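Good morning, and thank you for coming. Please look at the model on the screen while I go through its internal cavities and the helix beside them.

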Protein chains: 2
Amino acid sequence: MTGGSDFLQLDGSRVRRGERTTWLAARLRNAIADGTLPVGARLPATRVLAVELGFSRGTVSEAYRRLADEGLIEARAGAGSTVAARPGGPPPAVARAEPSRGITTPTGSPVEPAGGTDRAAVIDLAAGLPDLASFPRAAWLRAERAVLATASARQLGYGPPQGVPELREQLAAWLGRSRGVVATPDRIVITSGVSGALSLLAQVLRDRGVDAVALEDPGAEGNRTVLGQWLPRLPPVPVDEHGLDTAVLSRSGAGAVLVTPAHQYPTGVVLSPARRRSLLAWAASRDGLVIEDDYDAEYRYDRAPVRAVQPLSPQTVAYTASVSKTLAPGLRLGWLVPPDHLRAPLVRLRWASDLGSPVLPQLTLARLLAEGVLERHLRAMRTRHRARRDAVVSALRRWLPDCPVLGVAAGLHVLVLLPNGQDDAEIAARARAHGVLVRPLSRHRIAPGRPGLVVNYAGHHPERLDAAVGVLARVIDRSRRRPAAPRAAPRRPPPP
Amino acid sequence: MTGGSDFLQLDGSRVRRGERTTWLAARLRNAIADGTLPVGARLPATRVLAVELGFSRGTVSEAYRRLADEGLIEARAGAGSTVAARPGGPPPAVARAEPSRGITTPTGSPVEPAGGTDRAAVIDLAAGLPDLASFPRAAWLRAERAVLATASARQLGYGPPQGVPELREQLAAWLGRSRGVVATPDRIVITSGVSGALSLLAQVLRDRGVDAVALEDPGAEGNRTVLGQWLPRLPPVPVDEHGLDTAVLSRSGAGAVLVTPAHQYPTGVVLSPARRRSLLAWAASRDGLVIEDDYDAEYRYDRAPVRAVQPLSPQTVAYTASVSKTLAPGLRLGWLVPPDHLRAPLVRLRWASDLGSPVLPQLTLARLLAEGVLERHLRAMRTRHRARRDAVVSALRRWLPDCPVLGVAAGLHVLVLLPNGQDDAEIAARARAHGVLVRPLSRHRIAPGRPGLVVNYAGHHPERLDAAVGVLARVIDRSRRRPAAPRAAPRRPPPP
């Protein structure tokens with residue numbers, strides 16, 4: 001047998017040969033982190049697991065060795081390997097292996113209030129959306145039918161402002177399993193997406209005297225606009241190839257920081273282990289809050305998942321994510337796992353704002369999680385999005401061979417860098433006139449920086465992606481030849 | 001034929017003999033107000049309409065005469081009657097006919113954050129809920145299936161923060177038809193129930209320098225708590241048998257006032273025509289805002305509907321209501337029709353708070369409205385609730401013959417007044433110990449006043465209502481006999 005093991009329901013059949021060790025180590029690490037494999041649990045013999053997975057025994061042994069090096073498991077002669085400790089202090093080693101040119105995705109960046117997209121446009125690469133045509137309509141309806149068949153009349157009344165217990169239970173298990181997030185049902189707050197979580201957090205922080213939340217620069221424009229509604233200062237912190245520059249953060253005077261550690265938006269950079277450590281050290285030193293926006297964690301194509309930061313320090317990190325990139329933003333369903341001391345004021349504020357989220361969609365999502373429908377849906381979405389990622393990357397190589405492309409390994413979008421001196425906003429405006437909507441990188445920047453285009457590919461078929469990128473290339477090329485914008489040097493500039 | 005006319009789809013079959021004139025006049029008045037009968041439209045001959053409705057011709061003539069007296073229609077010899085004007089200046093005469101002991105209903109008062117109700121209790125008369133067992137599950141699911149079968153992928157994305165156009169269109173027609181509310185689709189803002197509307201309004205008013213919103217006293221405790229989150233001052237304004245005391249309002253210094261004109265919560269009083277006039281005069285004189293909470297307008301049993309105040313002055317009144325009393329509070333779906341100048345800041349704030357309401361429930365409700373399902377559901381609910389109203393009133397007469405009962409003519413609850421000197425909170429606590437949850441009137445008061453109990457009957461079968469009232473009577477009787485609380489005089493005290 002090949003490719004599958006009952007142990008942790010591991011399925012390595014689609015993992016490429018060169019990535020198997022990293023993949024297996026990550027799976028085991030997650031299982032140890034989330035308690036699926038508690039301290040003292042015995043791992044299968046390398047020989048047995050290798051056969052089940054269809055891997056070489058050396059691959060499995062190497063994965064075990066890495067975990068032993070990290071102090072997570074212990075190999076005793078003749079007695080096999082057992083779990084020795086849960087990860088906590090040092091960040092997991094897997095992040096070290098990540099390329100800094102990770103991915104960038106749909107994000108994190110909500111649509112503008114005025115509806116910045118033109119519905120008549122031919123191809124919309126501007127909206128941060130998954131493939132909405134894949135929304136599991138039949139499964140959603142089946143789940144809702146089951147909910148309506150079984151819900152009590154009382155459940156249709158005023159629900160708990162923190163969210164219905166059924167959903168919080170499912171999420172606690174799911175977040176632990178899939179992201180290593182440390183959460184029990186009572187610690188989860190259901191929100192109206194990530195935006196709902198951010199606006200609650202901003203208000204509670206403001207009420208506690210925090211007047212500034214630092215932001216990644218570049219970072220999601222939508223989040224900046226939401227936070228700007230509630231807070232007077234949003235100091236920018238530059239992002240380099242290791243992620244957020246924590247030295248600048250320390251000088252910012254901010255009481256909190258919003259980060260996208262697993263997959264920086266929009267550059268796709270992964271926050272390095274050293275930076276994770278200094279981020280948490282910053283938080284510890286000034287009682288600061290780290291807001292972790294894990295907006296597109298579900299989409300990883302060429303690399304092992306990057307773990308969330310929250311499990312390293314659950315009382316310092318407020319973790320938030322949503323179904324906007326896995327199901328649909330129109331559901332307005334997200335969650336927040338805040339430090340314990342913030343939970344009561346957050347729930348209180350949610351109550352005073354609108355009493356909480358609608359009950360039926362919460363119960364329906366709980367059922368999709370409980371029955372494994374969401375996981376199956378995600379597997380199908382990953383395959384589909386990966387094919388589109390491949391298509392957009394090869395279209396970009398074909399049409400814009402000189403432009404570096406960041407963030408191809410994960411998520412729902414890529415970032416195309418333009419030569420310095422080009423005006424990405426003008427290019428986007430001209431692309432729009434040709435029926436292609438695309439978001440200029442400058443929209444996501446606070447301080448000026450290299451121009452670029454954020455290309456949300458997930459919602460479009462490969463042929464349409466090729467056509468759209470062709471349009472972009474023509475617009476960019478014409479822009480280069482314009483006298484006002486002298487042609488940039490042909491060599492590739494460094495990443496942002 | 002009896003009881004039905006194609007004209008305005010009038011169905012008078014369930015209208016009692018003595019109430020037919022008032023009923024017909026109200027129907028016609030509403031149709032003129034909402035434009036269904038525009039100026040110049042011809043009314044059917046009294047003889048024809050009388051036959052269709054199964055009414056006497058004198059009844060129809062009398063209704064026409066009343067409208068002619070109000071200047072709304074004109075009778076020309078030999079040419080029949082035509083519509084002469086839309087109501088506007090003076091409040092409709094129908095309000096004059098209302099008994100001041102109107103109804104009181106489930107409200108307006110959201111459940112407490114901590115969940116103030118005990119789920120183990122036998123009978124919950126405390127929660128302001130309709131009969132949730134009647135929630136039209138099959139119809140909801142059918143409508144949602146149709147929505148999912150026809151919605152575009154784009155509709156599952158980030159929706160407009162003001163609400164989906166499909167729902168706003170349906171609501172504009174429905175609110176005009178059923179409540180005379182002046183609203184076009186672009187003037188309606190979809191909210192997370194009335195609480196969501198109030199919190200948005202409170203914040204926008206605060207940002208514009210309004211630090212105080214006056215409240216009816218007694219008034220819904222839940223609304224007071226929601227507004228108290230955002231505003232430093234909530235001056236109380238007493239309610240008498242004509243409704244809110246507008247003279248006290250004028251001295252309050254408030255920049256806005258929250259009122260329940262059609263059916264004061266919790267006393268059931270109807271705001272009198274004179275008070276409506278002075279309410280609007282107050283608003284005009286100081287640029288004040290009237291927030292009209294029309295929380296249970298759909299339930300009228302023994303009297304003609306009381307029209308909304310909003311049509312009298314749409315640029316002074318922010319009208320809000322929800323499906324919480326017609327379908328279920330768990331849907332978190334409501335609407336707000338604000339004066340034009342407040343719309344943009346309200347939508348902007350909604351966007352910054354959570355981007356807007358979930359899309360699928362909005363589209364589903366739009367379909368229920370478009371297909372007339374909601375109206376059919378409401379007819380069934382009215383019948384059911386009326387039977388329960390009858391049951392609770394006769395139980396109260398039987399078990400508590402000395403206690404005045406207010407608000408029997410409409411809504412989903414009644415208010416039982418207790419003799420002065422009794423401690424309604426203690427009585428509620430003791431009833432709770434006997435398995436009956438009931439909200440003491442003192443919880444809805446700001447200044448001290450006569451004690452009472454708010455009895456939400458809509459969710460319970462007649463026999464259970466009788467049993468619950470029996471429990472209340474025993475608890476109250478024991479409380480009277482306690483030495484600490486001397487028995488009150490047996491005569492009926494005046495209304496609050």
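A cavity here is a set of points, on a 1 Å grid over the protein atoms alone, where a 1.4 Å probe fits but cannot get out, and lining residues have an atom within 4 Å of a point. Grid points are joined across faces, edges and corners, and a volume is the space filled by probe spheres set on the points.

This is a predicted model, in which local features need pLDDT of at least 70, side-chain atom pairs count only at pLDDT 80 or more, and totals for chains, interfaces and linings use all residues. Residues are numbered from 1 along each chain as written, chains are lettered from A and ligands numbered from 1 in written order, and side-chain values use heavy atoms, without hydrogens and water.

The structure holds 13 cavities of 30 Å³ or more, and the largest has a volume of about 200 Å³. Of its 21 lining residues, Arg350(A), Ser353(A), Asp354(A), Ser353(B) and Asp354(B) lie nearest the centre. Helices H6 (193–207) and H10 of both chains each give two or more residues to this lining; helices are DSSP runs (H or I, at least four residues), numbered from the N terminus.

Which residues of H10(A) are buried, that is, under 20% relative accessible area (1.4 Å probe, protein chains only)? Among them are Arg350(A), Trp351(A), Ser353(A) and Asp354(A). Just after H10(A), Leu355(A) takes a positive phi of about 75°.

The second largest cavity encloses about 130 Å³. Among its 13 lining residues, Glu216(A), Gly219(A), Ala220(A), Asn223(A) and Leu258(A) are the closest to its centre.

Methods:
Buried means under 20% relative accessible area, exposed over 50%, partly exposed in between (1.4 Å probe, protein chains only). On a 1 Å grid over the protein atoms alone, a cavity is a set of points where a 1.4 Å probe fits but cannot get out, and a pocket is an open set with protein on both sides within 12 Å along at least five of seven lines; lining residues have an atom within 4 Å of a point.
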